[in-house]
Amino acid sequence: MTTETVLDVRDLCVSFGEIEPVRGVSFALRRGERLGLVGESGSGKSLTALAIMRLARRATLRGEVLLEGRDLLKLKPREMERIRGGRVAMVYQDPMSALNPVFTIGRQLEEAIRLHGIADRSAARERAIELLDDVGVPHPARRVEQYPHEFSGGMRQRVMIAMAMCADPAVLICDEPTTALDVTTQARIMDLLDRLVDERGTAVMLITHDLGVAAGFCDTVQVMYGGRIVERTEAEPLYGTPLHPYTEALLGAAVDLTLDLDQPIPTIGGQPPLAGRLPQGCSFHPRCRYARDVCTAQAPLLEEVAGRLVECHLADERAAAAKEDTHVGA
Ligand code: SF4
């Protein structure tokens, strides 16, 4: 992995009138980096991605989204159309909604290839077959003639990845790309993404509510809550010693397949806040088992603690306790 930054998001805010579901999100993504964006539904993960793609309809966007140095928020719609699917591409959770059921897979791939000027009409079919082969679709020369409904869910997702990768984007955003798939297909799709990233050096932002998927794939993980990043660090320490209580709660609620069936499924108590009705102070305080008076009075800031970014009044204290536990356990 190089240190070259390809995407630099600075203080991104997404609002719909008075309501602001994404509130000052900043992060950078390096070439070849695998970044996980995790959190419950409604935390602002997908909206952050849509804002980067300039697909957050009717939203007001503030801040900067620098892709290879160009601020996407300043581009005219026409310019953005060339970049979208070219230098930054997206894979969605439900490939069926992104594929047109009335056109063959080959026709749709060829269109994407021609749109980004990768090949002319005569060479586009050949390139489409190569792309399908690349993402592991068997018998690609035959499958290009087929329609989306003739593909399984996993194969459709491979087609979406082929389409997203056709212009060799610098950044690939994957929004819950394996949620609708069974565990085996899920693993195959993640392996495919892993291989493509290794071969091409693409930077990937993986949006997922599944901490297991993020753990297996990501170098860095950032946790979102209430439209803010509340913790960001390398994957390994995050899973070993979560510093933010929300990260800890998410990990505690992760599905444990070794649990007896008669044991209750662990959950995080309470509900994520609605964007227009954030509690005063720390937005996690109504659900936080560690909350103190200061948490209801004052919102914490995202600060560097023990080599990671954490937005919690108790971050220093919790980092010291985690260090102590490590020493005791050593
Ligand atoms: Fe919990 Fe307080 Fe930290 Fe918020 S600031 S996560 S309420 S301890």
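This tour proceeds from one sheet to the other, then to a helix and the spaces in the structure.

The model is predicted, so local features are given at pLDDT of at least 70 and side-chain atom pairs at pLDDT 80 or more, whereas totals for chains, interfaces and linings use all residues. Residues are numbered from 1 along each chain as its sequence is written, and side-chain values use heavy atoms, with hydrogens and water left out.

**Stop 1: the eight-stranded sheet**

Select the strands β6, β7, β8, β3, β9, β10, β12 and β11, which lie in that order in an open sheet of mixed pairing. Helices (H or I, at least four residues) and strands (E, at least two) are DSSP runs, numbered from the N terminus. Two strands count as paired if DSSP finds at least two bridges between them. In general, strands of a sheet pair through backbone hydrogen bonds, either parallel or antiparallel.

Next, colour the edges. β6 (88-91) and β11 (303-305) each have a single partner strand, so one side of each is left without a neighbour in the sheet. From one strand to the next, the twist averages 25°. For this and later angles, axes are lines fitted to C-alpha atoms, for helices over the stretch in contact, and angles run from 0 to 180 degrees between N-to-C directions.

Within this sheet, display β3 (residues 34-38) and β8 (residues 203-208), a parallel pair with five bridges. One point to label is G36, whose bridge partner in β8 is L206.

Now add helix α1 (residues 45-52), which packs on the sheet and touches β3, β6, β7 (171-175), β8 and β9 (220-225). Contact here means heavy atoms within 4.5 Å. The direction of α1 makes about 145° with that of β8. Helix α11 (residues 245-252) may be added as well; α11 lies across β3, β9 and β10 (228-234) and runs at about 100° to β9.

**Stop 2: the four-stranded sheet**

Keep α1 on display, for α1 also lies across β1, β2 and β4, at about 110° to β1. These strands belong to an open antiparallel sheet of four strands in the order β2-β1-β4-β5. At its edges stand β2 (19-30) and β5 (70-71); each has a single partner strand, so one side of each is left without a neighbour in the sheet.

Select β1 (residues 5-16) and β4 (residues 60-67), which run antiparallel and are joined by seven bridges. Two positions opposite β4 can be labelled: D8 faces L66, and S15 faces T60.

Then follow β4 into β5, an antiparallel pair joined by two bridges. L67 stands opposite R70 in β5. The two strands form a hairpin with two residues between them, and E68 in the turn has a positive phi of about 50°.

**Stop 3: helix α4**

Select α4 and show I105, G106, Q108, L109, E110, A112 and I113, which are buried (under 20% relative accessible area with a 1.4 Å probe, protein chains only). The buried residues of α4 pack against α5 (121-134), α6 (140-143) and α7. After α4 comes G117, with a positive phi near 65°.

**Stop 4: the largest pocket**

Remain with α4, which gives the most to the lining of the largest pocket, with four residues. A pocket is an open set of points on a 1 Å grid over the protein atoms alone, with protein on both sides within 12 Å along at least five of seven lines; lining residues have an atom within 4 Å of a point. This pocket holds about 800 Å³ of space. A volume is the space filled by probe spheres set on the points, and grid points are joined across faces, edges and corners.

The lining has 21 residues, and the closest to the centre are G85, A112, L115, H116 and M163. Two or more residues each come from α2 (77-83), β6, α4 (105-115) and α7 (153-165). By class, 13 of the lining residues are nonpolar, three polar and five charged. Ala, Val, Leu, Ile, Met, Phe, Trp, Tyr, Cys and Pro count as nonpolar, Asp, Glu, Lys and Arg as charged, and the others, Gly among them, as polar.

**Stop 5: the cavities**

A cavity is a set of grid points where a 1.4 Å probe fits but cannot get out. The whole structure has two cavities of 30 Å³ or more.

For the largest cavity, of about 90 Å³, select P245, C282, C288, C295 and C312, which lie nearest its centre among 13 lining residues. This lining comprises ten nonpolar, three polar and no charged residues.

Finally, select E40, S41, G42, S43, Y225, G226, Y246, P272 and P273, which line the second largest cavity. Its volume is about 40 Å³, and its lining has four nonpolar, four polar and one charged residues.

Notes. Buried < 20%, exposed > 50% of the residue type's maximum accessible area, 1.4 Å probe, protein only.
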